[in-house]
Amino acid sequence: MTKGWGRPFEDAIEVGGRKLVTLLDAGEYIMGLPKKEHAAPEWQAAMEALILVAEGGGPTMFARIGVMRALNRRYVPPLNPKGKEPHWSRRKLKKDQ
């Protein structure tokens, strides 16, 4: 398994019209964030994952997941008010059929 910051992600990450293709692209993107945002725990975890994958080898998917989680940290899925409705009828037992 190859090591280094030049390793490409399996699928590029698109951020605001920019594509992060390699680990280095993602690292530079994170370093270019405003200091307050860069200090967020999600971005710190993403950077740690990038460093581990770049220097220690391993699947680039780990680093990609870290970056994607940091990018989507403020996303809240819409609440489905119906949800899964409970089944209120009694279960029919074999002896009752």
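## A hairpin, a nonpolar core and a salt-bridge network

Strand β1 (residues 8-15) and strand β2 (residues 18-22) run antiparallel and are joined by four bridges. The model described here is a predicted one. The two strands form a hairpin, with two residues between them. Glycine 16 sits in that turn and has a positive phi of about 50 degrees. Two facing pairs help a newcomer to find the way along the hairpin. Valine 15 stands opposite arginine 18 in β2, and isoleucine 13 stands opposite leucine 20 in β2.

Just before the hairpin comes a good place to begin looking at the interior. Arginine 7 belongs to the segment before β1. Is this arginine buried or exposed? With a relative accessible area of 10%, arginine 7 is buried, because buried means under 20% relative accessible area. Along the sequence, arginine 7 and leucine 23 are 16 residues apart, while their C-alpha atoms are 6.0 Å apart in space. Both residues also appear among the contacts of threonine 60. Threonine 60 lies in helix α4 and counts as buried, at 6% relative accessibility. Leaving aside residues up to four places away in sequence, threonine 60 touches Arg7, Pro8, Phe9, Glu10, Leu23 and Val53.

The next topic is the nonpolar core. The largest nonpolar core has 19 residues. Which of its members touch the most other members? They are Phe9, Leu23, Tyr29, Ile30, Trp43, Leu50 and Val67. Two or more residues of this core come from each of β1, α1 (23-31), α3 and α4. The element that gives the most is α3, with six residues.

Isoleucine 30 offers a closer view of this core. Not counting residues up to four places away in sequence, isoleucine 30 touches His38, Trp43, Ala46, Met47, Leu50 and Val67. Among these partners is alanine 46, which is placed in helix α3. Alanine 46 is buried, with a relative accessible area of 0%. With residues up to four places away in sequence again left out, alanine 46 touches Ile30, Gly66, Val67 and Ala70. Val67 is thus listed among the contacts of isoleucine 30 and among those of alanine 46. The C-alpha atoms of alanine 46 and isoleucine 65 are separated by 8.0 Å, and these two residues are 19 residues apart along the chain.

Isoleucine 65 also leads to the surface. Together with Met61 and Phe62, Ile65 makes a nonpolar surface patch of about 280 Å². Methionine 61 is found in helix α4 (residues 60-71). At a relative accessible area of 31%, methionine 61 is partly exposed. Patches are made of residues with over 30% relative accessible area and no salt bridge, so methionine 61, at 31%, meets the area cut-off.

Charged side chains complete the picture. How many salt bridges does the structure hold? There are two salt bridges. In one of them, glutamate 37 pairs with arginine 73, and the closest N and O atoms are 3.5 Å apart. This pair links distant parts of the chain, 36 residues apart: glutamate 37 is in helix α2 (residues 35-38), and arginine 73 is in the segment after α4. The side chain of arginine 73 also meets that of glutamate 42 in a salt bridge, at 3.8 Å from N to O. Glutamate 42 is in helix α3 (residues 41-56) and arginine 73 is in the segment after α4, so this pair ties together parts that are 31 residues apart in sequence.

Glu37, Glu42 and Arg73 are therefore linked in a network of salt bridges, a bridge being a side-chain nitrogen of Lys or Arg within 4 Å of a carboxyl oxygen of Asp or Glu. Are these residues buried or exposed? Glutamate 37 counts as partly exposed, at 27% relative accessibility. Arginine 73 is partly exposed, with a relative accessible area of 22%. Glutamate 42, at 33% relative accessibility, counts as partly exposed.

Notes:
Residues numbered from 1 in each chain as written. Predicted model: local features only at pLDDT ≥ 70, side-chain atom pairs only at ≥ 80, totals over all residues. Heavy atoms only, no water. Patch = residues over 30% accessible without salt bridge, like charges linked within 9 Å, V, L, I, M, F, W, Y side chains within 5 Å. Areas by Shrake-Rupley, 256 points an atom, 1.4 Å probe, with all protein chains shown as cover. Buried < 20%, exposed > 50% of the residue type's maximum accessible area, 1.4 Å probe, protein only. Pairing = 2+ DSSP bridges. Contact = heavy atoms within 4.5 Å. Core = buried A, V, L, I, M, F, W, Y, C linked by side-chain atoms within 4.5 Å.
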